[in-house]
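User: Hello! I am new to this structure and would like to walk through it with you.

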Amino acid sequence: MTAQAEPERLNDQQPLIALQHVSRSFKQGRVRVQVLEDINLAVGENEILCLVGESGCGKTTTGKIIAGLLPPSSGEVLFRGRPVSALDNKARAEFRRALQIIHQDPFASLNPAHTVGQILSYPLRRHGMATARGGVRRRIWELLTLVDLTPPGDIVNKFPHQLSGGQRQRVSIARALTVEPQLIVADEAVSMVDVSIRVSLLRTLHRLRDEYGIAIVFITHDLAVAKYFAWEGRIAVMYLGRVVELGPTRDVITRPAHPYTRALISAIPEANPEVTRNKKRMRLRSEDVPSLLEIPRGCAFHPRCPFFVEGLCDVQHPPLEAAPDYRQKVACLPLTQGHKLIEHGP
Ligand SMILES: Nc1ncnc2c1ncn2[C@@H]1O[C@H](COP(=O)(O)OP(=O)(O)O)[C@@H](O)[C@H]1O
Ligand code: SF4
Ligand SMILES: [Mg+2]
């Protein structure tokens, strides 16, 4: 049985961007693989939403759909309440400009033959964000300062290969900012930089939200990073192309509902090694992640879930919905039906 989830609503505002019943498949060789299924997400202005989950669960595909780089196979993307598929050219250009994406590997996305100054001046001129020569130069200086690449004079004539990984990622952020976006999708944007640089990059991203009101969709495979970055925001936990838990970060982290989220949290190392040693890691029935080509029937997590209820979890599909006693939504049948989870052991 397949029940659909309800499109997500934000309490007090029209979402900047909303995905409603979004699915996406890709042709891989001779087969068509269903990569996303019935995704319902909404992001408000100035909000942080984190997408978390293991590699291959569909985070990047979701991020690209949010940023307008990829159309859904079915379902609708709404920009300020209007379906993107129905936008005229002018409104579509505005949507494209409003949503920017920063990729994991800035080296691959920055033109190696261009200096930082050229990389930034091109979109500024193209979108008419700064025109006269002095205006472009002033804006480049402002942007480099904004992303903590100071003094700008030391950076502006450098080529990407002359910069460190962290500096390159800052150039990517500055380039996204040239068009004054309303939302930035940061896809594993800090995964390739050293831990020491990671924290300051995360702070820079945070400042964009605090000072300029830019919403951020932050994509990471690392729940510990999500916890740190999105403490004031919300988290969507993804598993095999679906959102299985969605709610305020504090609730998801301190009182996870879905067994998959519980397993991810039990695996986060604590700052205190003593605590980590004594922390009980949740044991799954299987460590193997099923292939997207053979998604298990019922709840896709059931072959791994220690709380699996035979005859229910392997039969019925759990839609993402409210559960009694939880502030977050969860796709778990016993929980949404108001039952306690009972561990059966592996
Ligand atoms: N353009 C594409 N063509 C075919 N398969 C794709 C394409 N993009 C992504 N996929 C597949 O979709 C699944 C999810 O990928 P992705 O969204 O990149 O996941 P994540 O970012 O969570 O690692 C993977 O199995 C991947 O191989
Ligand atoms: S629906 Fe069943 S198998 Fe799926 S997460 Fe909940 S208890 Fe586990
Ligand atoms: Mg990815």
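User: Which residue of β4 does I17 stand opposite?

Analyst: Welcome! This is a predicted model, where local features need pLDDT of at least 70, side-chain atom pairs count only at pLDDT 80 or more, and totals for chains, interfaces and linings use all residues. Residues are numbered from 1 along each chain as its sequence is written, while chains are lettered from A and ligands numbered from 1 in the order in which they are written. Strands (E, at least two residues) and helices (H or I, at least four) are DSSP runs, numbered from the N terminus. β1 (residues 17-28) and β4 (residues 74-79) pair in the antiparallel sense over five bridges, and the residue opposite I17 is F79.

User: Which strands are the edges of the sheet?

Analyst: Strands of a sheet pair through backbone hydrogen bonds, either parallel or antiparallel. Two strands count as paired if DSSP finds at least two bridges between them. Here the open sheet has four strands in the order β2-β1-β4-β5, with antiparallel pairing. The strands that pair on one side only are β2 (31-43) and β5 (82-83).

User: How many residues of α1 are buried?

Analyst: A residue is buried if 20 or more other C-beta atoms lie within 10 Å of its own, exposed if 12 or fewer, and partly exposed in between, with C-beta atoms placed from the backbone. Helix α1 covers residues 59-66 and lies across β1, β2 and β4. Its buried residues include K59, G63 and I66. The helix is mostly covered, and the count is seven of its eight residues.

User: Which element gives the most to the shell around ligand 1?

Analyst: A residue belongs to such a shell if its C-beta atom, placed from the backbone, lies within 6 Å of the molecule. Around ligand 1 these residues include F26, Q28, K59, T60 and T61. The elements that give two or more residues are β1 and α1. With three residues, the one that gives the most is α1.

User: How many charged residues does the shell around ligand 2 have?

Analyst: There are 15 residues around ligand 2, and the closest are C299, H302, C305, C313 and C332. Ala, Val, Leu, Ile, Met, Phe, Trp, Tyr, Cys and Pro count as nonpolar, Asp, Glu, Lys and Arg as charged, and the others, Gly among them, as polar. The shell has 13 nonpolar and two polar residues, and the number of charged ones is zero: there are no charged residues.

User: Is E8 buried or exposed?

Analyst: E8 lies in the segment before β1. Because 20 other C-beta atoms lie within 10 Å of it, E8 is buried.

Note on methods
Contact = placed C-beta atoms within 7 Å. Axes fitted to C-alpha atoms, helices over the stretch in contact; angles between N-to-C directions.
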